[in-house]
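Grab a pencil and let's work through a few exercises on how parts of a protein chain pack together. Try each task yourself before you read its solution.

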Amino acid sequence: IASGGQGSDEETTEAAFIADALVALGVARNRILIEDQSTSTSENLRFSALLIPESDATIGLVSNDFHIFRARHLAQKVFDKKVYGLAVHSSFVSLPHYMMREFFTTVVDTLRGNMAYR
């Protein structure tokens with residue numbers, strides 16, 4: 001599932017960008033499901049969950065290295081099971097900014113009960 005909507009400053013949806021990258025890596029386009037309505041990580045997960053027909057499916061997600069911890073624990077709450085994560089390296093220059101943002105967002109999501117720690 002390629003998941004992500006389109007921001008006002010973006011030329012295309014995140015889902016379309018991800019799908020194109022997967023096709024470039026050799027994944028057949030007909031194997032890629034598109035979720036392009038989400039505007040946040042929580043929506044990415046909830047909307048993507050609707051596209052997964054098997055409740056016993058193994059769930060894995062790919063995200064930026066700074067984001068994988070929070071994304072995985074949000075997903076574990078949505079899917080009510082262990083979720084596996086694969087981190088993609090980020091630019092060293094942008095990493096401090098995004099890590100700081102993720103720290104505060106992780107605290108807020110934990111306090112709101114949006115995350116599951118398995």
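**Exercise 1. Work out how α3 and α4 lie relative to each other.**

Step 1: start with the axes. Those of α3 and α4 come within 10 Å and cross at roughly 20°. Here axes are lines fitted to C-alpha atoms, for helices over the stretch in contact, and angles run from 0 to 180 degrees between N-to-C directions.

Step 2: put a word to the angle. α3 is therefore roughly parallel to α4, since angles under 35 degrees count as roughly parallel, over 145 as roughly antiparallel, 65 to 115 as roughly perpendicular and the rest as oblique.

Step 3: add the handedness. α3 and α4 make a left-handed crossing (left-handed if the near helix is turned anticlockwise from the far one by less than a right angle, right-handed if clockwise).

Step 4: find who touches whom. Phe-69, Arg-70 and Leu-74 of α3 meet Glu-102, Thr-105, Thr-106 and Asp-109 of α4, where contact means heavy atoms within 4.5 Å. Sorted by type, the residues of this contact are two nonpolar, two polar and three charged. (Ala, Val, Leu, Ile, Met, Phe, Trp, Tyr, Cys and Pro count as nonpolar, Asp, Glu, Lys and Arg as charged, and the others, Gly among them, as polar.)

A quick note on the ground rules: this is a predicted model, in which local features need pLDDT of at least 70 and side-chain atom pairs count only at pLDDT 80 or more, while totals for chains, interfaces and linings use all residues. Residues are numbered from 1 along each chain as its sequence is written, and side-chain values use heavy atoms, with hydrogens and water left out.

**Exercise 2. Now do the same for α2 and α3.**

Step 1: the axes of α2 (residues 41-49) and α3 come within 10 Å and cross at roughly 40°. Helices like these (H or I, at least four residues) and strands (E, at least two) are DSSP runs, numbered from the N terminus.

Step 2: that angle makes α2 and α3 oblique to each other, and α2 passes α3 in a right-handed crossing.

Step 3: on the α2 side, the contact uses Thr-41, Ser-42, Leu-45, Arg-46 and Ala-49; on the α3 side, Arg-70, Ala-71, Leu-74, Ala-75, Val-78 and Phe-79. Seven residues of this contact are nonpolar, two polar and two charged.

**Exercise 3. Which residues make up the largest nonpolar core?**

Step 1: know what to look for. A nonpolar core is a set of buried Ala, Val, Leu, Ile, Met, Phe, Trp, Tyr and Cys residues joined through side-chain atoms within 4.5 Å. Buried means under 20% relative accessible area, exposed over 50%, partly exposed in between (1.4 Å probe, protein chains only).

Step 2: list the members. The eleven are Leu-45, Ala-57, Ile-59, Leu-61, Ile-68, Ala-71, Leu-74, Ala-75, Phe-79, Val-83 and Met-115.

Step 3: see where they come from. The largest share, five residues, belongs to α3.

**Exercise 4. Is His-73 buried or exposed, and what does His-73 touch?**

Step 1: His-73 sits in helix α3 (residues 68-79). With a relative accessible area of 4%, His-73 is buried.

Step 2: setting aside residues up to four places away in sequence, His-73 touches Asn-114, Met-115, Ala-116 and Tyr-117.

**Exercise 5. What is odd about the phi of Asp-80?**

Step 1: most residues other than glycine have a negative phi.

Step 2: Asp-80 has a positive phi of about 55°, although it is not a glycine.

Step 3: Asp-80 lies in the loop between α3 and β4 and is exposed, with a relative accessible area of 58%.
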